[in-house]
Amino acid sequence: MQKVEINYGPKIDYRHCNGCSECYENCPMDVFGWDKEKQLPTVDYPGECSICCFCETMCPEAAIDVLIPLHQMLDFGIHPVTLTKKSKFLGVD
Ligand code: SF4
Ligand code: SF4
């Protein structure tokens, strides 16, 4: 099966993750897997993510950033050009 790259959903910053497993146990869409060897979560099914941002909100280490798909941004009236301008303004691009 061809692997499809998904550029939205949860991204874990492993520099901050403490392996508490809250995200893995509580994601309503079962997006996360669990690496038994490392005792850390993995993002196994990002395409199933409903962008509810529950994991990002409850992570005690603020180690998760949920990336929002472009079509959802447009639904909320956020234009990519606006984001580019803002990121330049903030110096984060
Ligand atoms: S909730 Fe946060 S700290 Fe806990 S396992 Fe998930 S990413 Fe790591
Ligand atoms: S945003 Fe919601 S559905 Fe997506 S991984 Fe986090 S908890 Fe699961």
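**Two ligands and one chain: a short walk through the model**

Let me start at ligand 1. This ligand is surrounded by 14 residues, and the closest of them are Cys17, Cys20, Glu22, Cys23 and Cys59. Sorted by class, that shell holds nine nonpolar, three polar and two charged residues. Before going on, I should say that what you have in front of you is a predicted model.

Now ligand 2. Here too 14 residues form the surroundings, with Cys27, Val31, Cys49, Cys52 and Cys55 as the closest. The classes in the shell of ligand 2 are twelve nonpolar, two polar and no charged. As for where the shell comes from, β1 and α2, the latter being residues 54-58, each contribute at least two residues to the shell around ligand 2.

Next, the chain as a whole. How many helices and strands does the chain have? There are four helices and four strands. Their order along the sequence is β-α-β-β-α-β-α-α. The chain has 93 residues, and buried residues make up 13% of them. Taking the contacts with a separation of 6 or more, 52% are between residues 24 or more positions apart.

Which residues make up the largest nonpolar core? That core has nine: Cys23, Cys27, Val31, Phe32, Cys49, Cys55, Cys59, Ala63 and Ile64. Some of these names you have already heard. Cys23 and Cys59 were among the closest residues to ligand 1, and Cys27, Val31, Cys49 and Cys55 were among the closest to ligand 2.

Phe32 is a good residue to follow from the core into the strands. Setting aside residues up to four places away in sequence, Phe32 touches Cys23, Tyr24, Cys27, Pro41, Thr42, Val43 and Asp44. One of those, Val43, is also the bridge partner of Phe32 in β3. The pairing behind that bridge is between β2 and β3, which run antiparallel over four bridges. Another bridge in this pair joins Asp35 to Leu40 in β3.

The two strands form a hairpin, with four residues between them. In the turn, Gln39 has a positive phi of about 60°. Lys38 is also in the loop between β2 (32-35) and β3 (40-43). Is Lys38 buried or exposed? Lys38 counts as exposed because 11 other C-beta atoms lie within 10 Å, and the limit for exposed is 12 or fewer. The C-alpha atom of Lys38 is separated by 8.7 Å from that of Gly19, a residue 19 positions away along the chain.

Gln39 leads me to two other residues with a positive phi. As background, most residues other than glycine have a negative phi. Ser21 is not a glycine, yet its phi is positive, about 75°. Ser21 sits in the loop between β1 and α1, where α1 is residues 22-26. Ser21 is partly exposed, since it has 14 C-beta neighbours inside 10 Å. The other one is Cys53, also not a glycine, with a positive phi near 70°. Cys53 belongs to the loop between β3 and α2. With 14 other C-beta atoms within 10 Å, Cys53 is partly exposed.

That leaves the early part of the chain. Ile6 is in the segment before β1, which covers 9-12. Which residues does Ile6 contact, leaving aside its neighbours within four places in sequence? The contacts are Pro46 and Gly47. Between Ile6 and Pro46 the C-alpha separation is 6.6 Å, although they are 40 residues apart along the chain. Ile6 is partly exposed, because 14 other C-beta atoms are within 10 Å.

Last, Ile12, which is in strand β1. Why is Ile12 partly exposed rather than buried? Ile12 has 19 other C-beta atoms within 10 Å, and buried would need 20 or more, so Ile12 is classed as partly exposed. Not counting residues up to four places away in sequence, Ile12 touches Cys17, Pro41, Val43, Ala63 and Ile64. Ala63 and Ile64 are in the nonpolar core I listed earlier, while Pro41 and Val43 are also touched by Phe32. Finally, the C-alpha atoms of Ile12 and Asp65 are separated by 6.6 Å, with their positions 53 residues apart along the chain.

Key
Residues are numbered from 1 along each chain as its sequence is written. Chains are lettered from A and ligands numbered from 1 in the order in which they are written. This is a predicted model: local features need pLDDT of at least 70, side-chain atom pairs count only at pLDDT 80 or more; totals for chains, interfaces and linings use all residues. Two residues are in contact if their C-beta atoms, placed from the backbone, lie within 7 Å. A nonpolar core is a set of buried Ala, Val, Leu, Ile, Met, Phe, Trp, Tyr and Cys residues joined through C-beta atoms within 7 Å. A residue is near a molecule or strand if its C-beta atom, placed from the backbone, lies within 6 Å of it. Ala, Val, Leu, Ile, Met, Phe, Trp, Tyr, Cys and Pro count as nonpolar, Asp, Glu, Lys and Arg as charged, and the others, Gly among them, as polar. Two strands pair if DSSP finds at least two bridges between them.
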